[in-house]
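Subject: Structure handover

Hello,

Here is the structure I promised to pass on. Please open it next to this message.

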Amino acid sequence: WGPPGSGKTTVARLLARETDLEFEQISAIFSGVQDLRKVFDRAKLRREQGKGTLLFVDEIHRFNRAQQDSFLPHMEDGTITLVGATTENPSFELNAAILSRAVVLVFNRHDDKALSDLIERAETEEGRKLPLDNDARAALMSMADGDGRTIINLVEEIFSAIPDGTGLIDRDALVKLVQ
């Protein structure tokens, strides 16, 4: 449970990788009962072959109570390990049966240190520093508003718009660029 860009999907992918589970992802916004049946069928086949499935459901709070109930037998028999992500308080949005079988992790907005770390990782990947003066760098982090995905998208936009070797840009030039 946490705000957008706080790392919920990333943690689910890491969990699947570290536990050697097949990662399946669906969105409660775009998926219905038929989609769930297909996912459960694939997970059952994997289970018969000795392989587990981590089912990641984005925006799980969007499923109605009956749809949420459909997860229960598959959770209980070990067919799936359910990881649901929500921006809404799960105590109010998820049914009690799912919550009783779950651990709720709370994700918070990224602080300036975490955003700065993400920028530095992007700079390492790109092999160059962002051409921003200190005020522009601070403005960039403010624009992201604690959202890790947003900061990465902004950094990619800056790198693609400003050629290597260009001098530093200031806050006003950054604002124009991202608009």
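Below is what I found, element by element.

One caution before the details: this is a predicted model.

**The two parallel strands**

Start with strands S1 (22-27) and S2 (53-58). The two run parallel, and six bridges join them. At one of the paired positions, Ser27 stands opposite Asp58 of S2. S2 is largely enclosed by the rest of the structure, because five of its six residues are buried.

Glu59 comes in the loop between S2 and helix H3 (65-69). Is Glu59 buried or exposed? Its relative accessible area is 17%, so Glu59 counts as buried, the cut-off being under 20%. Check its backbone too. Phi of Glu59 is near 60°, a positive value in a residue other than glycine.

**Leu21, ahead of S1**

Leu21 sits in the loop between helix H1 (8-18) and S1. Its relative accessible area is 22%, which makes it partly exposed. Leu54 is 33 residues away along the chain, yet the two C-alpha atoms are separated by 5.7 Å. Which residues does Leu21 touch, leaving aside neighbours within four places in sequence? They are Ala16, Lys51, Gly52, Thr53, Leu54 and Thr81.

**Thr86, after S3**

Thr86 lies in the loop between strand S3 (81-85) and helix H5 (90-93). It is buried, at a relative accessible area of 4%. Its side chain has two polar partners worth a look:

- The side chain of His61 makes a polar contact with the side chain of Thr86, at 2.7 Å.
- The backbone nitrogen of Glu88 lies 2.9 Å from a polar atom of the Thr86 side chain.

Beyond four places in sequence, Thr86 is in contact with Trp1, Gly2, Lys8, Ile60 and His61. His61 thus appears both in this contact list and in the polar contact.

**Helix H8 and its ends**

H8 covers residues 134-144. Its buried residues are Ala136, Arg137, Ala139, Leu140, Met141 and Ala144. Note the spacing. An α-helix has 3.6 residues a turn, so residues three or four places apart point the same way. What do the buried residues of H8 pack against? Their partners are helices H7 (112-126), H9 (148-161) and H10 (171-178).

Both ends of H8 deserve a look. At the N-terminal end, Asp133 acts as the cap. One of its side-chain oxygens lies 3.2 Å from the backbone nitrogen of Asp135. Just past the other end, Asp145 takes a positive phi of about 50°. Asp145 is in the loop between H8 and H9. Like Glu59, Asp145 is a residue other than glycine with a positive phi.

**Arg121 on H7**

Arg121 belongs to helix H7. At 61% relative accessibility, it counts as exposed. Its C-alpha atom and that of Ile152 are separated by 9.6 Å, with their positions 31 residues apart along the chain.

**Two pockets**

The largest pocket has a volume of about 590 Å³. It is lined by 22 residues, and the closest to its centre are Gly7, Thr10, Gly148, Arg149 and Ile152. Which elements each supply at least two residues of this lining? They are H1, S2, H7 and H9. By class, the lining has six nonpolar, nine polar and seven charged residues.

The second largest pocket has a volume of about 500 Å³. It has 25 lining residues. Nearest its centre lie Leu82, Val83, Gly84, Ala102 and Val103. H1, S3 and helix H6 (96-100) give two or more residues each. S3 provides the largest share, with five residues. The make-up by class is 20 nonpolar, three polar and two charged residues.

Set the two linings side by side when you go through the model. The largest pocket has seven charged residues in its lining; the second largest has two. H1 is on the list of contributing elements for the largest pocket, and it is also on the list for the second largest.

Best wishes

Definitions and conventions. Residues are numbered from 1 along each chain as its sequence is written. This is a predicted model: local features need pLDDT of at least 70, side-chain atom pairs count only at pLDDT 80 or more; totals for chains, interfaces and linings use all residues. Side-chain values use heavy atoms; hydrogens and water are left out. Helices (H or I, at least four residues) and strands (E, at least two) are DSSP runs, numbered from the N terminus. Buried means under 20% relative accessible area, exposed over 50%, partly exposed in between (1.4 Å probe, protein chains only). Contact means heavy atoms within 4.5 Å. A polar contact is a pair of N or O atoms within 3.5 Å; within protein, one must be able to donate a hydrogen and the other to accept it, and residues adjacent in sequence count only if both atoms are side-chain atoms. On a 1 Å grid over the protein atoms alone, a cavity is a set of points where a 1.4 Å probe fits but cannot get out, and a pocket is an open set with protein on both sides within 12 Å along at least five of seven lines; lining residues have an atom within 4 Å of a point. Grid points are joined across faces, edges and corners, and a volume is the space filled by probe spheres set on the points. Ala, Val, Leu, Ile, Met, Phe, Trp, Tyr, Cys and Pro count as nonpolar, Asp, Glu, Lys and Arg as charged, and the others, Gly among them, as polar. Two strands pair if DSSP finds at least two bridges between them.
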